[in-house]
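Here are some exercises to work through with the structure open beside you. Try each task before you read its solution.

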Amino acid sequence: MADAHAAPHHDYHLVDPSPWPLVASLATTVMMVGAVAWMKGVFGLPEGTSWLFFAGFAGVLYAAFGWWADVIKESQRGDHTPVVSIGLRYGMVLFIASEIMFFAAFFWMFFEMAIFNEARAFVPEVGNWADTAAAWSTWPPQGIETLDAWQLPLLNTVILLLSGTTVTWAHHALQVGDRKGARMGLIITVALGVLFTAVQAYEYEHILHENLFFNEEALNSGLYGSIFFMATGFHGFHVLIGTIFLAVCLLRLLAGQFTPQKHFGFEAAAWYWHFVDVVWLFLFAFVYVIFG
């Protein structure tokens, strides 16, 4: 019998039967049901039940690890032909495009509140809407103490911009066969990603400790905090994912799995990291500086 993984006679890769799509779907369903149970209670589970969420989350991590491990194995045995590599690149580009739309929704919401707040004065005073319209007539809402953009936010901006240069250094070094330079650039990039997350965690702790966005005397003051935490929090989550992405690339580099000619996994991580950098620049400019 011929080897099932012999060199293909065509440019396309027909994947082997895989359990990971089903496992990932089931685990995600359990995680989302667990999230509802944690926050509101569901199916007889009282509010505050968190174990179901973390069980589903563990399943998602397990599926992601197994699925991507299989993709790496496919690459190592030569299944990623030039045509398949082009498809992987298109897939990563489309994924980043979907992420752009994701953040566009948050910026749309933010600009609606920050730029068009004067229109609230013309809203008919009907019921509780009058109080809400009055709170939206200024931005940030009266009574809200915002952060100083030139302290922790500026520090995180410098950190991310520096990490963008180090990941580019690592990519260029790998392209020319300088494995030592690629390794050093990746180590520094991962360290900067961890540092960014630590600074943002400290910033959030400061906001919550000082009660900056939740002044009970300010009408609808939760609006600013909701938009702020939604936009910066999801960006911070993307930084965390990107840091893990680059850390895996570092491990693969140390294992000798990248060559100057074949290293799309690292290229995808670099694209994602630059996307994260650009999103933060928009957040820093508009959320912290211009409308802060």
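**Exercise 1. Determine the handedness of the crossing of α1 and α2, and how the two helices are oriented**.

Solution. Start with the handedness: α1 and α2 cross in a left-handed sense. Keep in mind that this is a predicted model. Next, take the geometry of the axes, which come within 7 Å and cross at roughly 155 degrees. Angles over 145 degrees count as roughly antiparallel, and therefore α1 and α2 are roughly antiparallel to each other.

Now look at who meets whom. On the α1 side the contact includes Trp20, Ala24, Ala27, Met31 and Trp38, while the α2 side includes Leu52, Phe53, Phe57, Tyr62 and Asp70. Sorted by class, the contact of α1 with α2 has 18 nonpolar, five polar and one charged residues.

**Exercise 2. Classify the ring pair of Trp20 and Tyr62**.

Solution. The structure holds 28 aromatic pairs, and this is one of them. The ring centres of Trp20 and Tyr62 are 5.4 Å apart, and the planes stand at 75 degrees. Planes over 60 degrees apart count as edge-to-face, so the pair of Trp20 and Tyr62 is edge-to-face.

Then place the partners: Trp20 sits in helix α1 (residues 20–39) and Tyr62 in helix α2 (residues 51–76). The pair links distant parts of the chain, 42 residues apart. Finally, check the accessibility of each partner. Trp20 has 12% relative accessibility and counts as buried, whereas Tyr62, with a relative accessible area of 54%, is exposed.

**Exercise 3. Do the same for Phe107 and Phe282**.

Solution. Here the centres of the rings are 6.2 Å apart and the planes are at 70 degrees, so Phe107 and Phe282 also form an edge-to-face pair. As for location, Phe107 belongs to helix α3 (residues 82–115) and Phe282 to helix α8 (residues 264–290). The two residues are 175 residues apart, and their pair links distant parts of the chain. Phe107 is buried at 13% relative accessibility, but Phe282 is partly exposed at 42%.

One further step takes you beyond single pairs. Ring pairs join Phe95, Phe102, Phe103, Phe106, Phe234, Phe245, Tyr272 and Phe275 into a cluster.

**Exercise 4. Describe how α5 packs against α8**.

Solution. Begin with the axes: those of helix α5 (residues 152–175) and α8 are 10 Å apart, at an angle of about 160 degrees. That angle makes α5 roughly antiparallel to α8. The handedness comes next, and α5 passes α8 in a left-handed crossing. By class, their contact has 15 nonpolar, seven polar and two charged residues.

**Exercise 5. Work out the surroundings of Asn156, His263 and Leu45**.

Solution. Take Asn156, which lies in helix α5. With 1% relative accessibility, Asn156 counts as buried. Leaving out residues up to four places away in sequence, Asn156 touches Phe196, Val199, Gln200 and Trp280. For a distance check, the C-alpha atoms of Asn156 and Gly193 are 9.7 Å apart, and these residues are 37 apart in sequence.

Move on to His263, placed in the loop between α7 (222–254) and α8. His263 is buried, with a relative accessible area of 7%. Its contacts, again without residues up to four places away, are His171, Leu174, Gln175 and Phe258.

Last comes Leu45, found in the loop between α1 and α2. Leu45 is partly exposed, at a relative accessible area of 25%. Under the same exclusion of residues up to four places away in sequence, Leu45 touches Ala37 and Leu52. Between Leu45 and Gly34, 11 residues apart along the chain, the C-alpha separation is 9.2 Å.

**Exercise 6. How many helices and strands does the chain have, and what share of its residues is buried?**

Solution. Count the elements: there are eight helices and zero strands. Read from the N terminus on, they run α-α-α-α-α-α-α-α. Then turn to burial, where 39% of the 292 residues in the chain are buried. To finish, consider contacts between residues at least 6 apart in sequence: 73% of them join residues at least 24 apart.

Definitions and conventions:
Residues are numbered from 1 along each chain as its sequence is written. This is a predicted model: local features need pLDDT of at least 70, side-chain atom pairs count only at pLDDT 80 or more; totals for chains, interfaces and linings use all residues. Side-chain values use heavy atoms; hydrogens and water are left out. Rings of Phe, Tyr and Trp (its six-membered ring) pair if their centres lie within 6.5 Å; planes under 30 degrees apart count as stacked, over 60 as edge-to-face and the rest as tilted. Helices (H or I, at least four residues) and strands (E, at least two) are DSSP runs, numbered from the N terminus. Buried means under 20% relative accessible area, exposed over 50%, partly exposed in between (1.4 Å probe, protein chains only). Axes are lines fitted to C-alpha atoms, for helices over the stretch in contact, and angles run from 0 to 180 degrees between N-to-C directions. Angles under 35 degrees count as roughly parallel, over 145 as roughly antiparallel, 65 to 115 as roughly perpendicular and the rest as oblique. A crossing is left-handed if the near helix is turned anticlockwise from the far one by less than a right angle, and right-handed if clockwise. Ala, Val, Leu, Ile, Met, Phe, Trp, Tyr, Cys and Pro count as nonpolar, Asp, Glu, Lys and Arg as charged, and the others, Gly among them, as polar. Contact means heavy atoms within 4.5 Å.
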